[in-house]
Amino acid sequence: MLRIGLTGGIGSGKSTVSELFAGLGVPIIDTDRIAHELTAPGTTVVERIAELFGTEVLASDNSLDRPRLRQLIFADASRREQLEGLLHPLIQERVLQQMTQLTGPYCILVVPLLLEKGWQSLVDRILVVDAPPELQFARTLQRDDRPAAEVHAIIAAQISREQRLAAADDVVINDADRLELAAQVEALHKKYLQLATLS
Ligand code: ADP
């Protein structure tokens, strides 16, 4: 099975693009979703995070206080690395597990930090969703209940648009409406089906 790694900056449109692929029947593995599942209330991962960061990252019902945790890791890069050191091996393990269960000519693996974290070896091709930073910023602010400074910090911590584009095998340009986006996804779907028959 051909493995397409879908990446892009925050608010670039990764989820929107992956939903369009899913609508065409393509299996999707989403590492953000896996991270969420791994940190569900009552899991040993949440206990471990509380050991590392203190109980201040727990809400009153012992679930993870995600906004608080985000605040901590964006204020301190070493803490972010600690959290990633805990989560990333577990996420990769689940990705590989899920891949063995998929059938079909190709799958999409959504990894927001694919390039930053060097996950290229997990995939055969890299598909970048590209959007101008001002659109990324505006869309993220509209979608999330996050302070503007945090969104700026996240964009600044991610690799540049130029670096991302340089690493891309394919690019979806998400600077217009959803119809335009769907047309690009359909064209890529045809291309991937063809590539899959050759691989
Ligand atoms: P990502 O997964 O890369 O963070 P999303 O797919 O969640 O980005 O997109 C960010 C926000 O922008 C979402 O609320 C989404 O619905 C919206 N959005 C994405 N693409 C478009 C588009 N072409 N037109 C209008 N809104 C869009």
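Q: Contact means heavy atoms within 4.5 Å; with that in hand, what do the buried residues of α4 pack against?
A: The buried residues of α4 pack against α3 (44-53) and α5 (77-100). Helices here are DSSP runs of H or I with at least four residues, strands are E runs of at least two, and both are numbered from the N terminus. Please keep in mind that this is a predicted model, where local features need pLDDT of at least 70, side-chain atom pairs count only at pLDDT 80 or more, and totals for chains, interfaces and linings use all residues. Residues are numbered from 1 along each chain as its sequence is written, and side-chain values use heavy atoms, with hydrogens and water left out.

Q: Why is Thr140 called buried?
A: Buried means under 20% relative accessible area, exposed over 50%, and partly exposed in between (1.4 Å probe, protein chains only). Thr140 has 0% relative accessibility, so it counts as buried. This residue belongs to helix α6 (residues 133-143).

Q: Which residues is Thr140 in contact with, leaving aside its neighbours within four places in sequence?
A: They are Ile10, Gly11 and Val151. For Ile10 the path along the chain is 130 residues, while the C-alpha to C-alpha separation from Thr140 is 7.0 Å.

Q: What puts the buried residues of α4 on the same side of that helix?
A: In α4 (residues 66-75) the buried ones are Leu69, Leu72 and Ile73. Their arc around the axis is only 90°, so they sit on the same side of α4. The arc is taken from the directions that run from the helix axis to the C-beta atoms. As background, an α-helix has 3.6 residues a turn, so residues three or four places apart point the same way.

Q: How do you know that the buried residues of α1 line one face?
A: In α1 (residues 14-23), Lys14, Val17, Ser18 and Phe21 are buried. Viewed down the axis, they fall within an arc of 100°, so they line one face of the helix. Glu19 and Gly23, on the other side of α1, are exposed. The cover over the buried residues includes β1 (2-7), β3 (106-110) and α9 (178-198).

Q: What makes a nonpolar core, and how many residues does the largest one have?
A: A nonpolar core is a set of buried Ala, Val, Leu, Ile, Met, Phe, Trp, Tyr and Cys residues joined through side-chain atoms within 4.5 Å. The largest has 32 residues, and Ile49, Phe53, Ile91, Val95 and Leu109 have the most contacts inside it. Helix α5 gives the most to this core, with 6 residues.

Q: What makes the pairs between the ligand and Gly11, Ser12 and Arg178 polar contacts?
A: A polar contact is a pair of N or O atoms within 3.5 Å. A polar backbone atom of Gly11 is 2.9 Å from a ligand oxygen, and a backbone N or O atom of Ser12 lies 3.3 Å from one. For Arg178, a polar side-chain atom lies 2.9 Å from an oxygen atom of the ligand. Taken alone the ligand exposes 560 Å², of which the protein buries 80%.

Methods:
Contact means heavy atoms within 4.5 Å. A polar contact is a pair of N or O atoms within 3.5 Å; within protein, one must be able to donate a hydrogen and the other to accept it, and residues adjacent in sequence count only if both atoms are side-chain atoms. Accessible areas come from the Shrake-Rupley method with a 1.4 Å probe; for residues, only the protein chains shown count as cover.
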